[in-house]
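Okay, thanks for squeezing me in. Let me put the structure up, and then I'll walk you through the fold, the cores, a pocket and a salt bridge.

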Amino acid sequence: DIYDFDDLYDFPVILDAKQKTAMNNAFDRLFNAQNKFDEYACYYEVIKILFSVSKEKTVKNPFNIDAVLNHIKNNYKQKITISELAKIATLSESHFFNVFKKVTGVSPIAYINNYRMSVAVKLLLNSDMSICEISDSVGIYDCAYFNKAFKKAYQMSPKEYKKLYKNSKD
C-alpha cells in the first residue's frame, strides 16, 4: 500500500519465449479455474513469474527521506516543522508532504507523533517518571494533550497502560 511495484522493481516490456509460455499457461489455468483456491494459485503463479523476470531497483528513496527520519529520531524532543523537514529532503513543503506519506504510509505529523508515543511507552514501562515528565521528555509540553493523544493511539490512558503492562512485565 505504500509503494507501487514499479517504484521498487523494473519489469521487462517483452518476456522471452519460455516466460511467455509460462505466463500464458498460468492465465489459461486462471480462466478455467473451478474455485477461488485455484484462482489464487494462478494469481500467485503470475506474480512469481513477474518477480522472477524483474530486477529490484537500487534507488528506493531518491528524496532523502532517510535523513528526515533520522532528524525526527534525533530531535523528537523539540518542535519539528514541515518546513524544516522539507528543507532536509530538499523539496517544497507540499511535494515533501506527498513523498513522505508515500514512503512511510502516514503524514509527517502522524509519524512524529507515533514516534513520540513509542518513546513514551518505553519510558512508561522502564522509568519511574510521572506522566507529565514523560510528556515533556518526548516533546509534548501539554500533559492533557499528551493524555488525549496517548489514549487515541493505545485506547487507554498512559496511567492505565502503565498499570496493565508494567505489572505484566515484572
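So, in secondary structure this chain comes to 10 helices and two strands, where helices (H or I, at least four residues) and strands (E, at least two) are DSSP runs numbered from the N terminus. Reading from the N terminus, the order is α-β-α-α-β-α-α-α-α-α-α-α.

Quick housekeeping. This is a predicted model, so local features need pLDDT of at least 70 and side-chain atom pairs count only at pLDDT 80 or more, while totals for chains, interfaces and linings use all residues. Residues are numbered from 1 along each chain as its sequence is written, and side-chain values use heavy atoms, with hydrogens and water left out.

Of the 170 residues in the chain, 31% are buried, meaning under 20% relative accessible area, with exposed being over 50% and partly exposed in between (1.4 Å probe, protein chains only).

Now the inside. The largest nonpolar core (buried Ala, Val, Leu, Ile, Met, Phe, Trp, Tyr and Cys residues joined through side-chain atoms within 4.5 Å) has 15 residues, and Met117, Val138, Phe146, Phe150 and Tyr161 have the most contacts inside it. Two elements give two or more residues to this core: helix 7 (108-126) and helix 9 (143-154). Helix 7 gives the most, with six.

Have a look at Phe146. What does Phe146 touch, leaving aside neighbours within four places in sequence? Its contacts (heavy atoms within 4.5 Å) are Met117, Ala120, Ile131, Ile134, Ser135, Val138, Ile140 and Pro158. Apart from that core lies another one, of 14 residues, Ile82, Leu85, Leu91 and Phe96 among them.

Met117 turns up again in the lining of the largest pocket, alongside Ala110, Asn113, Asn114, Tyr145, Lys148, Ala149, Lys152 and Ala153. Pockets here come from a 1 Å grid over the protein atoms alone: an open set of points where a 1.4 Å probe fits, with protein on both sides within 12 Å along at least five of seven lines, and lining residues have an atom within 4 Å of a point. Helix 9 gives the most to this lining, with five residues.

Last thing: salt bridges, meaning a side-chain nitrogen of Lys or Arg within 4 Å of a carboxyl oxygen of Asp or Glu. The count is one, between Glu39 and Lys36, at 3.5 Å, N to O. Those two are three residues apart in helix 3 (residues 36-53), so about one helical turn separates them. Lys36 counts as exposed, at 52% relative accessibility.
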